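Let's take a walk through a protein model together. Have the sequence and the 3D view ready, and follow along at your own pace.

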Amino acid sequence: VQLQAFGGGLVQAGGSLRLSCSVSGRTFISYYMGWFRQAPGKEREFVAAINWSGRDTYYQNSVKGRFAISRDNANNTMYLQMGSLKPEDTAVYYCAADPSFAIVPAAYSYWGQGTLVTVSS
């Protein structure tokens, strides 16, 4: 399974950005998908996850109501719509996939290369 995250960039506080994660290889629909982020000097942390159908979603408390995770199984793509962005959201964002649900980075088997999101104040 190969994952590629893109869509990062520089945005002002209060702005919006949409990240995408393109998946190739095995059957996309078989996998739970997740977004993680890692700020400079900090550990990688869970942001959001979604089950195979897209019906069940999970969020870190700090992004609830501001971020929305979704997936398009027909096009093997996952998204993270980010709104009301804050400077503390600045990080490299990674997409990940695994056959089982998890919010711990170590539990995910497949990772994309990361895309940088910078939120200016």
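Is strand β4 (residues 32-38) largely enclosed by the rest of the structure or largely open, and why? Keep in mind that this is a predicted model. Of the seven residues in β4, five are buried, so the strand is largely enclosed by the rest of the structure.

Now look at the partners of β4. Strand β9 (residues 91-98) is joined to β4 by seven bridges, and the two strands run antiparallel. To find your place in this pairing, look for G34, which stands opposite A96 in β9. Strand β5 (residues 45-50) also runs antiparallel to β4, with five bridges joining the two. Here a handy landmark is R37, which stands opposite E45 in β5. The chain gets from β4 to β5 through a hairpin with six residues between the strands, and in it G41 takes a positive phi near 80 degrees.

While you are looking at strands, here is a helpful general idea. In a regular strand, side chains alternate between the two faces of the sheet.

Next, turn to the rings. The structure holds eight aromatic pairs. One of them is formed by Y31 and Y110, which meet edge-to-face, at 5.8 Å centre to centre and with 85 degrees between the planes. This pair links distant parts of the chain: Y31 lies in the loop between β3 (17-24) and β4, while Y110 belongs to strand β10 (residues 110-111), 79 residues apart. Are both partners equally hidden? Y31 counts as buried because its relative accessibility is 7%, under the 20% cut-off. Y110, at 26% relative accessibility, counts as partly exposed.

Another pair brings us back to the hairpin. The ring centres of F36 and F46 are 5.8 Å apart and their planes are at 75 degrees, so this pair is edge-to-face. It connects F36 in strand β4 with F46 in strand β5, ten residues apart. Both F36 and F46 are buried.

Which residues join F36 and F46 in a cluster linked by ring pairs? They are Y94, Y108 and W111. Two of these rings also have a charged neighbour, R44. Its charged end sits over the ring of Y94, 3.7 Å from the ring centre. The charged end of R44 also sits over the ring of W111, 4.8 Å from that ring's centre.

Note on methods: Residues are numbered from 1 along each chain as its sequence is written. This is a predicted model: local features need pLDDT of at least 70, side-chain atom pairs count only at pLDDT 80 or more; totals for chains, interfaces and linings use all residues. Side-chain values use heavy atoms; hydrogens and water are left out. Buried means under 20% relative accessible area, exposed over 50%, partly exposed in between (1.4 Å probe, protein chains only). Helices (H or I, at least four residues) and strands (E, at least two) are DSSP runs, numbered from the N terminus. Two strands pair if DSSP finds at least two bridges between them. Rings of Phe, Tyr and Trp (its six-membered ring) pair if their centres lie within 6.5 Å; planes under 30 degrees apart count as stacked, over 60 as edge-to-face and the rest as tilted. A charge sits over a ring if NZ of Lys or CZ of Arg is within 6 Å of the ring centre and within 35 degrees of the ring normal.
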